[in-house]
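The following explanation leads through a protein model, from its surface to its side-chain pairings and its overall composition. Please keep the sequence and the structure in view while reading.

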Amino acid sequence: MIHYLLSWIGHFYFEGNKPASFRYPLVGFYAGFTWFFIKTIEILTNKEILNKWINKDNKEI
């Protein structure tokens with residue numbers, strides 16, 4: 001949950017706006033945990049998951 005605190009500090013202090021998680025808290029919560037679990041799987045299996053999806057999308061353009 002520390003990432004929320006750092007994100008809010010960045011939004012309020014540096015950018016001067018409100019984070020989207022204030023307006024859409026469930027989306028922000030879901031995205032944060034999805035990112036956490038995907039990165040954990042990548043670290044444990046030593047395989048890239050996100051970069052494959054990103055590079056696949058860029059090749060189609």
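**A guided reading of the model**

Ile2, Leu5, Leu6, Ile9, Tyr13 and Phe14 together make a nonpolar surface patch of about 730 Å². The model in which this patch appears is predicted. One of the patch members, Tyr13, is placed in helix 1, which comprises residues 2–15. Tyr13 counts as exposed because its relative accessibility is 65%, and the threshold for that class is over 50%.

The aromatic side chains may be considered next. A pair of aromatic rings is described by the distance of the centres and the angle of the planes. Under the rule that ring centres must lie within 6.5 Å, the count comes to four aromatic pairs. One of them joins Phe36 and Phe37, with 5.3 Å from centre to centre and 70° between the planes. This pair is classed as edge-to-face, because planes over 60 degrees apart fall into that category. Phe36 has a relative accessible area of 45% and is therefore partly exposed. Phe37, at 47% relative accessibility, is likewise counted as partly exposed. Both residues belong to a cluster in which ring pairs link Phe29, Phe33, Phe36 and Phe37.

Attention now turns to Glu42, a residue of helix 3, which spans residues 25–45. Is Glu42 buried or exposed? With a relative accessibility of 10%, Glu42 counts as buried, because the limit for that class is under 20%. Once residues up to four places away in sequence are set aside, Glu42 touches Lys47, Glu48, Ile49 and Leu50. For Ile49, a polar approach can also be specified: its backbone nitrogen lies 2.7 Å from a polar atom of the Glu42 side chain.

The side chain of Glu42 also takes part in a charged pairing. Side chains of opposite charge can pair when their charged atoms come close. How many salt bridges does the structure hold? The structure holds one salt bridge, in which the side chains of Lys39 and Glu42 meet at 2.9 Å, N to O. That distance satisfies the criterion because a side-chain nitrogen of Lys need only lie within 4 Å of a carboxyl oxygen of Glu. Lys39 and Glu42 are both in helix 3, three residues apart, or about one turn of the helix. The two partners fall into separate accessibility classes: Lys39 is partly exposed at 31% relative accessibility, whereas Glu42 is buried at 10%.

Beyond helix 3, the chain enters the loop that leads to helix 4 (50–60), and Asn46 is found in this loop. The phi angle of Asn46 is near 60°, a positive value in a residue other than glycine. Asn46 counts as exposed because its relative accessibility is 72%.

These local features can be set within the protein as a whole. The secondary structure comes to four helices and zero strands, and along the sequence the pattern reads α-α-α-α. Of the 61 residues in the protein, 13% are buried; Glu42 is one that counts as buried. The protein exposes about 5700 Å², of which carbon and sulfur atoms supply 68%.

How values were computed:
Residues are numbered from 1 along each chain as its sequence is written. This is a predicted model: local features need pLDDT of at least 70, side-chain atom pairs count only at pLDDT 80 or more; totals for chains, interfaces and linings use all residues. Side-chain values use heavy atoms; hydrogens and water are left out. Patches are made of residues with over 30% relative accessible area and no salt bridge: like charges are joined within 9 Å, nonpolar side chains (Val, Leu, Ile, Met, Phe, Trp, Tyr) within 5 Å. Accessible areas come from the Shrake-Rupley method with a 1.4 Å probe; for residues, only the protein chains shown count as cover. Helices (H or I, at least four residues) and strands (E, at least two) are DSSP runs, numbered from the N terminus. Buried means under 20% relative accessible area, exposed over 50%, partly exposed in between (1.4 Å probe, protein chains only). Rings of Phe, Tyr and Trp (its six-membered ring) pair if their centres lie within 6.5 Å; planes under 30 degrees apart count as stacked, over 60 as edge-to-face and the rest as tilted. A polar contact is a pair of N or O atoms within 3.5 Å; within protein, one must be able to donate a hydrogen and the other to accept it, and residues adjacent in sequence count only if both atoms are side-chain atoms. Contact means heavy atoms within 4.5 Å.
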